[in-house]
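Welcome to a set of short exercises with worked solutions. Keep the sequence and the 3D view open while you work through them.

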Amino acid sequence: MRLASIGIALVGLGIAAYLTIVHYAGGSPVCAIAHGCETVQHSSYAKLGGVPVALLGLLGYVGILASLWRDDEAGRTATAFLSLLGFGFSAWLTYVEVGKLDAICIWCVGSAICMTLLAALSIARLLSAPPLGRPA
């Protein structure tokens, strides 16, 4: 589960890095499927406290990857916490896309899928860990 989580987090990191670069370059993301990426990227919801949401995602994926470096109770707990936080934030952003902006960004959907998978894997990994004090 840990290797799968690393792979998924790397995909999410790539998505967030691309959207962060596009944001700071002042461009619009390539959006061949849903055609709502520009609407989402340039909306008032694309920043939180002046910080681009894409950059927050990038930092989130970096944090998840850093927590996956450790294969102990603290690392599993940190991964679960960060993944659940990212999942909740992604769920809210998906609501904003559909309910407020009436636009779907396929890159955002991809990131939300990554966070959903990471949350599920991290919880499963945390719950399947051996009890404290007993070797794996």
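Is arginine 76 buried or exposed? Start with the cut-offs: buried means under 20% relative accessible area, exposed over 50%, and partly exposed in between (1.4 Å probe, protein chains only). Arginine 76 has a relative accessible area of 11%, so this residue is buried.

Before going on, here is how to read the values. This is a predicted model, in which local features need pLDDT of at least 70 and side-chain atom pairs count only at pLDDT 80 or more, while totals for chains, interfaces and linings use all residues. Residues are numbered from 1 along each chain as its sequence is written, and side-chain values use heavy atoms, with hydrogens and water left out.

**Exercise 1. Trace the salt bridges of aspartate 71.**

Step 1: Recall the rule. A salt bridge is a side-chain nitrogen of Lys or Arg within 4 Å of a carboxyl oxygen of Asp or Glu. The structure holds five of them.

Step 2: Look for the partners of aspartate 71. With arginine 2, the closest N and O atoms are 4.0 Å apart. Aspartate 71 lies in the loop between helix H3 (53-69) and helix H4 (73-101), and arginine 2 in helix H1 (residues 2-25), so this pair ties together parts that are 69 residues apart in sequence. Helices here are DSSP runs (H or I, at least four residues), numbered from the N terminus.

Step 3: Find two further partners. Arginine 76 meets aspartate 71 at 3.5 Å, N to O. For arginine 125 and aspartate 71, the closest N and O atoms are 3.0 Å apart. Because arginine 125 sits in helix H5 (residues 106-127) and aspartate 71 in the loop between H3 and H4, this pair ties together parts 54 residues apart in sequence.

Step 4: Check the surroundings. Aspartate 71 is partly exposed at 49% relative accessibility, and arginine 2 is partly exposed too, at 28%. Arginine 125, in contrast, is buried at 6%.

Step 5: Put the picture together. Arg2, Asp71, Glu73, Arg76 and Arg125 are linked in a network of salt bridges.

**Exercise 2. Sort the cysteines.**

Step 1: Apply the cut-off. A disulfide is a pair of cysteine sulfur atoms within 2.5 Å. A search of the whole structure finds one.

Step 2: Name the pair. Cysteine 31 is joined to cysteine 37, with an S to S distance of 2.3 Å. The torsion about their S-S bond is about 60°, so the disulfide is right-handed. Both cysteine 31 and cysteine 37 are buried.

Step 3: Why is cysteine 105 not bonded to cysteine 108? The sulfur of cysteine 108 is the closest cysteine sulfur to that of cysteine 105, but at 3.1 Å it is too far for a bond. Cysteine 105 is buried, at 1% relative accessibility.

Step 4: Finish with cysteine 114. This residue is in no disulfide, and the nearest cysteine sulfur, in cysteine 108, is 12 Å away. Cysteine 114 is buried, with a relative accessible area of 7%.

**Exercise 3. Describe the largest nonpolar core.**

Step 1: Use the definition. A nonpolar core is a set of buried Ala, Val, Leu, Ile, Met, Phe, Trp, Tyr and Cys residues joined through side-chain atoms within 4.5 Å.

Step 2: Count and name. The largest core has 14 residues, and those with the most contacts inside it are Ala9, Tyr61, Ile64, Cys114, Met115 and Leu118.

Step 3: Assign the residues to helices. H1, H3 and H5 are the elements giving two or more residues to this core. The largest share, six residues, comes from H3.

**Exercise 4. Place glycine 110.**

Step 1: Locate the residue. Glycine 110 lies in helix H5.

Step 2: Judge its accessibility. At 19%, glycine 110 counts as buried.

Step 3: How far apart are glycine 110 and valine 11 in sequence and in space? They are 99 residues apart in sequence and 8.9 Å apart in space, C-alpha to C-alpha.
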